[in-house]
Each structure stands twice: as C-alpha cells, then as structure tokens.
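Biologist: I am new to this structure and would love a close look at one part of it. Could you walk me through the open sheet and the links around it, step by step?

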Amino acid sequence: MSDPRLHSLHLEGLPRRDTFRSAREKLQAACGSQTLAGSARVLDDENLGTSTLAAPVGGASGLVGRFTFYLKDGTNVYPLRLGMNSVGRLPDNDVVVRDECVSRRHCAVLIHSDLRCELHDVASKNGTLLNGKKIPQPQKLQSGDQITLCNRRLTFHIAEVPSEPAAVG
C-alpha cells in the first residue's frame with residue numbers, strides 16, 4: 001500500500017530521491033499494524049473517536065479518558081490523528097506549513113494506538129530540530145516538545161479530553 005504523501009516524484013536528482021526513499025522506508029517500518037490501521041481508518045469507533053482522538057488501547061489500559069494530539073504554531077492549531085501525519089509545504093500534507101524554507105515533505109509525526117508518539121525527518125533539505133537539536137533518527141515526542149522547521153516553531157501537545165459525567169437518574 002503506497003501512501004501518496006510519501007511519493008518522491010517531486011525530488012530532483014538521484015541522491016536526494018534515494019535519501020528520501022530510505023527515510024520513507026524507515027517511517028513505514030515504524031508504523032505498526034495498529035498504527036497503519038489507524039491511518040487507513042479501519043479501527044472501529046470504540047478504538048478511534050474522531051480523526052483527532054485516540055482511545056487508550058493495548059498497553060495503555062491504566063489511562064482514563066480520550067486524548068487529542070495537535071501541533072500549535074502561534075495562533076494556528078493543527079489537529080493530528082492516529083497514524084502518520086505528514087508535515088510540509090505541499091497542500092496535500094496533513095499539516096501544511098506555508099514557508100518556502102520548509103521542504104515539500106519535511107517530517108512526519110506518528111501517533112501509535114498505544115499513545116506513543118514519534119517525530120521522523122523525511123530527508124528534508126534543511127533538517128528537523130526537536131527541542132533545538134537536529135534529529136539524526138526518529139525521536140520520541142512528549143507534550144510540550146518544540147519542533148523547528150527552518151524558522152517555524154511548532155509545539156507538540158497531548159491533551160486529555162474530560163470524560164462525560166455519568167447521568168444521575
């Protein structure tokens with residue numbers, strides 16, 4: 001199954017295209033079966049609330065409630081969903097950053113069904129920084145982490161959505 005967000009046709013020259021394809025293979029390998037299922041939206045409603053909510057499943061049984069994931073850039077809020085969230089300049093990315101310095105396909109945020117989150121650089125031209133340090137390989141994300149793409153700073157957030165109180169009858 002080829003994800004159109006991971007095509008490399010836009011890259012010029014073989015070395016750059018090969019680097020991108022290698023990064024793409026690592027990203028696809030990092031997606032477990034449940035994460036890919038979330039990307040394809042084949043999980044049932046019990047395991048997947050809306051496109052931005054993920055219920056704790058698997059090893060996260062001690063967690064209560066649902067969680068929402070998002071990137072924030074000043075006043076802009078970019079909701080993330082379970083699975084792969086592509087970030088870049090092209091309009092078909094999940095998070096579109098309108099800045100000529102940002103690569104067409106800059107990075108990806110993976111949200112796993114067990115609530116683990118990872119940041120992957122997708123062979124971007126100028127690199128991706130996490131909390132001020134360039135990432136040479138995928139990195140775990142925590143709420144409050146700063147992701148820098150050129151001069152654009154995005155903050156990663158995980159927020160628990162309060163559960164509905166039980167009706168008193």
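Modeller: Happy to; what follows starts with the whole chain, then moves through the sheet strand by strand and on to the links around it. Please keep in mind that this is a predicted model.

Let us begin with the overall layout. The protein chain has two helices and twelve strands. Along the sequence both helices come before the strands, in the pattern α-α-β-β-β-β-β-β-β-β-β-β-β-β. Of the 169 residues in the protein chain, 44% are buried. If you take the contacts between residues at least 6 apart in sequence, 47% of them join residues at least 24 apart.

Now to the sheet you asked about. It is an open sheet of five strands, in the order β5-β4-β6-β7-β10, and its pairing is mixed. The edges are held by β5 and β10, and each has a single partner strand, so one side of each has no neighbour in the sheet. As background, strands of a sheet pair through backbone hydrogen bonds, in either a parallel or an antiparallel way.

Start at the β5 edge. Strand β4, residues 83–88, pairs with β5 in the parallel sense over two bridges. One residue to look for here is V87, whose bridge partner in β5 is V95.

Next, move across to β6 and β7. These two strands run antiparallel and are joined by five bridges. One place to see the pairing is I111, which stands opposite C117 in β7. The hairpin of β6 and β7 has five residues between the strands, and in it L115 takes a positive phi near 75°. Strand β7 itself, residues 117–121, is mostly covered, with four of its five residues buried. C117 is buried because its relative accessible area is 4%, under the 20% cut-off. C107, at 3% relative accessibility, also counts as buried.

That brings us to the other edge. Strand β10, residues 139–140, pairs with β7 over two bridges in the antiparallel sense. Here E118 has K140 in β10 as its bridge partner.

E118 also leads us to the charged side chains. Side chains of opposite charge can pair when their charged atoms come close. A search of the whole structure finds five salt bridges. In one of them, the side chains of D114 and R116 meet with 2.8 Å from N to O. Salt bridges that share partners join D114, R116 and E118 into one network. D114 counts as partly exposed at 29% relative accessibility, and R116 is partly exposed with a relative accessible area of 42%.

Two further salt bridges involve the loops around β4 and β5. R81 forms one with D94, and their closest N and O atoms are 3.6 Å apart. R81 sits in the loop between β3 (76–80) and β4, while D94 sits in the loop between β4 and β5, so this pair ties together parts that are 13 residues apart in sequence. R81 is buried, with a relative accessible area of 10%, whereas D94 is partly exposed at 31%.

The other joins D92 and R105, with the closest N and O atoms 2.9 Å apart. D92 is in the loop between β4 and β5 and R105 in the loop between β5 and β6, so here too the pair ties together parts that are 13 residues apart in sequence. D92 is partly exposed, with a relative accessible area of 40%, whereas R105 counts as buried at 8%.

Finally, there is a covalent link to find. The structure holds one disulfide, and C101 and C150 form it, with their sulfur atoms 2.3 Å apart. This pair links distant parts of the chain: C101 is in the loop between β5 (95–96) and β6 (107–111), and C150 is in the loop between β11 and β12 (152–161), 49 residues away. The angle about the S-S bond is -85°, and the link of C101 and C150 is left-handed. C101 is partly exposed, with a relative accessible area of 30%, while C150 counts as buried at 16%.

If you follow the chain back from C150, you can look at T148, which lies in strand β11, residues 146–149. T148 counts as buried at 13% relative accessibility. Leaving out residues up to four places away in sequence, T148 touches G127, T128, L129 and R153.

Notes. Residues are numbered from 1 along each chain as its sequence is written. This is a predicted model: local features need pLDDT of at least 70, side-chain atom pairs count only at pLDDT 80 or more; totals for chains, interfaces and linings use all residues. Side-chain values use heavy atoms; hydrogens and water are left out. Buried means under 20% relative accessible area, exposed over 50%, partly exposed in between (1.4 Å probe, protein chains only). Contact means heavy atoms within 4.5 Å. A disulfide is a pair of cysteine sulfur atoms within 2.5 Å. Two strands pair if DSSP finds at least two bridges between them. A salt bridge is a side-chain nitrogen of Lys or Arg within 4 Å of a carboxyl oxygen of Asp or Glu.
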